[in-house]
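Let's take a walk through this structure together, starting with the whole chain and then stopping at one helix.

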Amino acid sequence: MLQSKISLKANIGKYEFNNVMLNAAGIRCATTDELTKVLNSEAGGCVTKSATPEPREGNESPRMKATPLGCINSMGLPNHGLDYYLKFAEENQGKDGKQVLLSIAGLTVDQNLEMLHKIQESSFNGLVELNLSCPNIKGESQIAYDFEAVRDILTKTFKFFTKDLGIKLPPYFDLHQFDQIADVLNDFPIAYVNSINSIGNGLIVNPETESVVIKPKGGFGGLGGDYVKPTALANVRALRLRLKPEIAIIGTGGIKSGRDVFEHVLCGANVVQIGTAFGFEDVKIFSRISKELSEIMAEKGYSSLDDFRGKLKTL
Ligand code: RRO
């Protein structure tokens, strides 16, 4: 297979991406400059830092620490507020085959509904990502671990929201949890799920200083990078086996090479997002991984992602 014949195009329903890779929410996507840089790269689009109704400073620093295997963060949702990201999304969505995914993460159900109302009334007609899995808000649980709370917020949302909605999920670890979340999500007209957010409330210890490495929450924070890839693949696979086909999957977690994208797509990802490694490497990661993925596909004789998506074999 000639590499020039290989397509890395992807889609979520009617939304087309000229490349399967995007940044993951939270990484280099908090300002319009950073977002524009992603849109001008080889990525198929960008996702905006999860927004709250008003701007927020987030948690105290240091609140992110890189390690040889990934990173830990407890950012606490620092962002410029919904209006800032909504304006960017309205202005840039759909240009040049690039999608802008607008991420929101209210601190309460009411804040989420308020933002969804504002988006419903806006001129933005792209994908909206409702983040139900932020692990770093002091005193708050991750909504997506409470299945009835997820059903409740989606019931309220779809009474008025007619645009295309995705849900950012946390990692699940028990097969019954996969069954339960899929039972809820399959009852709604959701465009996609994005799996996974960081593995919540990990702890990294520095044995030399005998200390934690980030300040908020006594050092507890969300893990990303190599630590999370097998968990992410399991979540993409388990959800693909359970969700109705109309719900697409964005695979996020532990991607830093073409091989990692290949594995996510084999497990069923329609689109993938890169968090920790994009933080380390910046936008050149999208061209490097595109080349690596194309080489793997060429060797295997695949010309499009559809040729192997979801086709993971079992023994
Ligand atoms: O801002 C954060 O602390 C944060 C969020 Br909203 C999230 O969804 N996931 C994460 O690892 N950090």
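**From the whole chain to one helix**

The protein chain exposes about 13600 Å², and carbon and sulfur atoms supply 52% of that area; accessible areas come from the Shrake-Rupley method with a 1.4 Å probe, and for residues only the protein chains shown count as cover. This is a predicted model, in which local features need pLDDT of at least 70 and side-chain atom pairs count only at pLDDT 80 or more, while totals for chains, interfaces and linings use all residues. Residues are numbered from 1 along each chain as its sequence is written, and side-chain values use heavy atoms, leaving out hydrogens and water.

Of the 315 residues in the protein chain, 56% are buried (under 20% relative accessible area; exposed is over 50%, partly exposed in between, with a 1.4 Å probe and protein chains only). You can find nine helices and 16 strands in the protein chain, which are DSSP runs (helices H or I, at least four residues; strands E, at least two) numbered from the N terminus.

Now look at helix α3. Which residues of α3 are buried? They are N112, L113, M115, L116 and I119. Because they cover an arc of only 165° around the axis, they sit on the same side of α3; the arc is that of the directions from the helix axis to the C-beta atoms. On the other side of α3, D110 and E121 are exposed. The cover over the buried residues of α3 includes α2 (82–92), β7 (99–104), β8 (127–131), α4 (147–157) and β9 (164–169), where contact means heavy atoms within 4.5 Å.
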